[in-house]
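User: I would like a close look at one part of this model, and then a tour outward from there. Please keep it brisk.
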Amino acid sequence: MAEAAGPAPAADGEQRLFLYSTTVSDVGTVRANNQDSSFAGEHLVAICDGMGGHAGGDTASTIAIRSLAHIERDDVTDDVAAVSSMMETSVMAAHDAIVGKARRERKLAGMGTTVTAVALVNGWWVLAHIGDSRAYLLRDGVLSRATQDHSYVQHLIDTGRITKAEAKNHPQRNVVMRVLGDFDIDPHPDIAVLRAHAADRWLLCSDGLCGVLEDSTIAETMLGLSDPGECAQRLVGMALRAGSTDNVTAVIADATLALDAHAFDLPHQTPLVGGAASASLEPLADIVNEPIATAPALRDDGSPAQRAAALTQEAHEAVAEQRKEAPRVVQPSLVREEAGERRNPDTGEIPVVTKSDGEVTTDPNDPAVRQAIHEEKAEQRKSEHGRRKRRRVAVFVTVLAVLAVIAGGVFAAYRYSQSKYYVGAADGMVAIYQGVPTNLAGFELSHEVERTSIAVNKLPATWRTEVRQGIMRDSLAEAQDHVRLIRDELAAIEKQQAKADKEKTSSSTSSSSSSTSSSSSTSSSSSSGSKSGDSATKEGGDQE
């Protein structure tokens with residue numbers, strides 16, 4: 001929808017267009033905190049949907065709103081090209097600020113935000129967009145989407161892989177492909193310039209709204225309710241009733257005509273801030289140099305969605321109180337200074353510069369602000385260098401401490417080992433060692449102190465195993481006593497073995513002698529019998 005913008009007169013002839021806007025932002029029925037931030041002013045409207053956990057998303061969206069807020073000032077140029085460049089520069093400055101803060105504070109790592117912003121400049125709309133928040137333009141009764149979602153499901157739709165209906169329930173519908181923040185992706189916003197028409201109506205919203213409401217429902221509501229505040233209230237309430245589980249934010253902005261551009265009583269409104277950025281209005285009041293007010297809370301219409309939200313938020317009293325409190329208005333620093341309040345509050349990474357003429361500015365295009373940013377970055381680099389040096393020293397000291405602990409442990413283990421003795425084997429002989437039978441990282445924790453004349457292979461099998469494994473004793477004397485015990489027992493075993501061998505030899509000799517005697521007796525008996533037979537035979541012969 002981009003149109004070429006050049007030095008042209010205001011749209012609609014000489015009649016000047018004014019912007020009247022409002023915003024409503026609600027935490028929703030599920031979330032514990034609101035990470036959306038919104039801004040509704042006379043020259044600028046913006047919506048930022050933060051992401052990155054409980055402590056990150058709200059910080060990122062707040063930084064983005066503060067980076068863009070200087071465009072709301074009355075002294076901003078009417079040059080459309082200059083404001084277009086300013087919008088892009090401001091978005092990139094927000095990106096740098098978010099990345100810098102995330103690197104300094106580890107708990108914020110991975111935070112980011114979408115940005116969708118519209119500025120009215122001399123009869124032209126300047127639109128900056130990155131992420132999956134949306135800008136809708138209602139013109140002549142027709143609603144059109146002025147932005148393209150930088151999301152994964154939109155990529156699938158563009159490539160024809162899924163339909164718009166399928167995208168509504170796609171499991172990766174919340175994956176954003178381009179966003180500001182601590183990510184390695186392109187942070188440059190899309191910039192579009194459109195000619196402004198009287199009665200143009202803008203809706204800027206987070207995906208908590210457009211993700212659950214059909215475009216036809218949005219168009220019907222924007223056409224049916226002429227009051228911007230009522231329209232914003234209705235859209236946010238419908239999104240909650242439709243089952244949105246995210247923060248829900250809507251910004252409605254109407255282009256109106258002043259019948260007399262030179263009249264004293266021109267249309268005017270106090271800029272409104274919604275969501276996370278409304279927690280600290282002082283920086284924004286200083287940036288725009290005029291009063292800033294919190295956006296009206298979502299009215300309790302008694303719907304089931306809001307009753308569910310009330311039950312869900314019982315554990316989050318701060319959110320409930322925020323819904324009840326009246327809108328708050330904060331004055332710029334000069335007024336606060338007169339009242340004795342703090343002069344220079346935190347501005348969320350964008351430096352506030354007081355120029356020589358007393359003007360307070362945060363415009364990234366202002367040379368004074370650029371110089372302040374340069375000096376701040378130089379100081380940050382110096383600080384980071386000091387932190388790196390301290391980290392290296394800390395690592396070195398930690399390594400030394402660990403090595404000292406290891407060395408102390410090794411020394412203690414060695415000292416303990418040298419208080420022990422054991423009976424072991426050395427070159428096939430029984431020996432006494434001081435220490436323990438093991439090694440530590442290849443270093444033996446024992447050494448031989450005595451060697452005996454006892455051969456290991458003469459010991460019984462069970463003794464040989466024990467000696468080779470090492471028989472631990474608490475002192476040298478105990479080890480020597482054990483060696484004597486081995487020697488005595490071995491001598492007793494050898495003596496018993498010798499006795500057994502001797503008895504075995506004697507028994508064998510006795511058995512041999514008995515066998516010889518028995519054989520002699522048998523032979524004698526046989527011989528006598530033979531002689532008796534011969535005699536009997538002889539006598540018988542004689543008788544015959």
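Leaving aside neighbours within four places in sequence, which residues is Ile292 in contact with?

Analyst: Keep in mind that this is a predicted model. Leaving aside neighbours within four places in sequence, Ile292 touches Phe39, Thr270, Pro271, Val273, Leu281, Leu284, Ala285, Arg328, Val329 and Val330.

Now the setting. The largest nonpolar core has 42 residues, and Ile292 is among those that touch the most other members. Phe39, Leu44, Leu68, Met87, Val115 and Ile292 make up that group. Phe39 therefore appears twice here: it is in contact with Ile292, and it belongs to the group with the most core neighbours.

Several elements give two or more residues to this core. They are strand 3 (44-51), helix 1 (57-68), helix 2 (80-104), strand 5 (115-121), strand 6 (124-130) and helix 8 (282-288). Helix 2 gives the most, with 9 residues. Another core lies apart from this one. That other core has 24 residues, among them Ile218, Met222, Met238 and Ala250.

Two of those names lead to helix 6. In helix 6 (residues 215-224), Ile218, Ala219, Thr221 and Met222 are buried. These four cover an arc of only 165 degrees around the axis, which puts them on the same side of helix 6. An α-helix has 3.6 residues a turn, so residues three or four places apart point the same way. The face turned away from the buried side carries the exposed residues Ser216, Glu220, Leu223 and Gly224. What do the buried residues of helix 6 pack against? Their partners are strand 7 (134-139), strand 8 (142-145), strand 11 (201-205), helix 5 (207-210) and helix 7 (228-241).

Three of those strands belong to an open sheet. This sheet has 5 strands in the order 1-12-11-7-8, with antiparallel pairing. Strand 1 (17-26) and strand 8 are at the edges with a single partner strand each, so one side of each has no neighbour in the sheet. From one strand to the next, the twist averages 20 degrees.

Next, the pairings around strand 12. Strand 11 and strand 12 (residues 248-257) run antiparallel and are joined by 5 bridges. Within this pair, Cys205 stands opposite Ala250 in strand 12. Ala250 is also one of the members of the 24-residue core. Helix 7 packs on the sheet and touches strand 1, strand 11 and strand 12. The direction of helix 7 makes about 155 degrees with that of strand 12. Arg201 has Asp254 of strand 12 as its bridge partner. On the strand 1 side, strand 1 and strand 12 pair in the antiparallel sense over 10 bridges. There, Ser25 stands opposite Thr249 in strand 12. Of the 10 residues of strand 12, 8 are buried, so strand 12 is largely enclosed by the rest of the structure.

Further along the chain comes a segment with a record. UniProt, in an unreviewed entry, places a "transmembrane region" at residues 393-414. In the model, residues 393-414 are 100% helix and 0% strand. The end C-alpha atoms of that span lie 31 Å apart.

After that, a second sheet. It is open, with 4 strands in the order 20-19-18-21 and antiparallel pairing. Strand 20 (443-455) and strand 21 (471-473) stand at the edges, each with a single partner strand, so one side of each lacks a neighbour in the sheet. Neighbouring strands here are turned by 35 degrees against each other on average, direction ignored.

Is strand 18 largely enclosed or not, and why? Of its 6 residues, 5 are buried, so strand 18 is largely enclosed by the rest of the structure. Strand 18 pairs with strand 19 in the antiparallel sense over 6 bridges. In strand 19, Ala431 is the bridge partner of Gly424. The hairpin of strand 18 and strand 19 has 2 residues between the strands, and Asp427 in this hairpin takes a positive phi near 55 degrees. With strand 21, strand 18 runs antiparallel and is joined by 3 bridges. Tyr421 stands opposite Arg473 in strand 21.

Strand 19 (residues 429-440) also runs antiparallel to strand 20, with 8 bridges between them. Leu440 stands opposite Phe443 in strand 20. Finally, helix 13 (residues 461-469) lies across strand 18 (421-426), strand 19 and strand 21. Helix 13 runs at about 110 degrees to strand 18.

Terms used
Residues numbered from 1 in each chain as written. Predicted model: local features only at pLDDT ≥ 70, side-chain atom pairs only at ≥ 80, totals over all residues. Heavy atoms only, no water. UniProt positions renumbered as here; feature names shortened; annotations may be inferred. Buried < 20%, exposed > 50% of the residue type's maximum accessible area, 1.4 Å probe, protein only. Arc of directions from axis to C-beta. Contact = heavy atoms within 4.5 Å. Pairing = 2+ DSSP bridges. Axes fitted to C-alpha atoms, helices over the stretch in contact; angles between N-to-C directions. Core = buried A, V, L, I, M, F, W, Y, C linked by side-chain atoms within 4.5 Å.
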